[in-house]
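Hi everyone, thanks for having me. I'd like to walk you through one structure today, so have a look at the screen and we'll take it piece by piece.

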Amino acid sequence: MHRAPPMPDRLRDAIAREFAGDPPRWTGQSSSRAAFLRSLPIWLFAIPWTAFSLFWEVIALGGLFGFGGTRGGAGSWMAGLFVLFGLPFVVVGIGMMGAPFWMARRTRRSAWVVTARRVASVMLTRQGVTVRTILARNLLAIERTENADGSGSLKLQFGEARDSDGDKVERSETIEGVQDVRRVEQLIRAVMAAPPD
């Protein structure tokens, strides 16, 4: 089983402050390795995307600076437009190439907390801390996906909403890379079953 790195002190302190009056029954982090692997397909798609975008830019710059033997006039003007057109594709490609690393970093800077009244995610940001809370009374269903080593993910459904077309969509959050996923599910189910205050 892959062991998670220790939780950053700043994140641990933020959790202690946020839940001082509602002590955590469980605190854990999703696996940054799982987050990295989950976003790996984006990285694989980004390789040809970025390669083609860079190739486009090289050809366009060649036309702009006269590497093809023509410089100035309408050809140079069109080449400049091609260079500008290709830049957003290069930026998107670089963003996709970095996605697995950014996802892993974000996962290391966040944690999930289960208390007697709520399930919450706590994430460190440059400005401070972001806390998203699902109250126990709003939890409708839990879907557990368990691996052979006992780790897995929990999908928490807490309502429905309508998308821009008016269709119903499920409102849910997923806790991924949980080491002892069955035990955490039992804790959350106990919170769901507890009578309201």
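Before I get to the sheet, one term: two strands count as paired if DSSP finds at least two bridges between them. And keep in mind that this is a predicted model.

Okay, the sheet. It's an open one with 3 strands, in the order β5-β6-β7, and the pairing is antiparallel. So which strands stand at the edges? Those are β5, residues 141-146, and β7. Each has a single partner strand, so one side of each has no neighbour in the sheet. Going from one strand to the next, the twist averages 25 degrees.

Now zoom in on β6, which covers residues 152-162. It runs antiparallel to β7, and 9 bridges join the two. If you want one to find on screen, try Gly152: its bridge partner in β7 is Val178.

There's a helix here too. α5, residues 181-193, packs on the sheet and touches β5, β6 and β7. The direction of α5 makes about 175 degrees with that of β5.

Next up, the pocket. How much space lies in the largest one? About 380 Å³. It's lined by 17 residues, and the closest to its centre are Arg106, Thr107, Ser110, Trp112 and Arg132. By class, the lining has 6 nonpolar, 6 polar and 5 charged residues.

And where does that lining come from? Several elements supply at least two residues each, among them the helices α2 (32-38) and α4 (73-108). Our edge strand β7, residues 168-178, is also one of those suppliers.

That's my tour, thanks for listening!

Definitions and conventions
Residues are numbered from 1 along each chain as its sequence is written. This is a predicted model: local features need pLDDT of at least 70, side-chain atom pairs count only at pLDDT 80 or more; totals for chains, interfaces and linings use all residues. Side-chain values use heavy atoms; hydrogens and water are left out. On a 1 Å grid over the protein atoms alone, a cavity is a set of points where a 1.4 Å probe fits but cannot get out, and a pocket is an open set with protein on both sides within 12 Å along at least five of seven lines; lining residues have an atom within 4 Å of a point. Grid points are joined across faces, edges and corners, and a volume is the space filled by probe spheres set on the points. Helices (H or I, at least four residues) and strands (E, at least two) are DSSP runs, numbered from the N terminus. Ala, Val, Leu, Ile, Met, Phe, Trp, Tyr, Cys and Pro count as nonpolar, Asp, Glu, Lys and Arg as charged, and the others, Gly among them, as polar. Axes are lines fitted to C-alpha atoms, for helices over the stretch in contact, and angles run from 0 to 180 degrees between N-to-C directions. Contact means heavy atoms within 4.5 Å.
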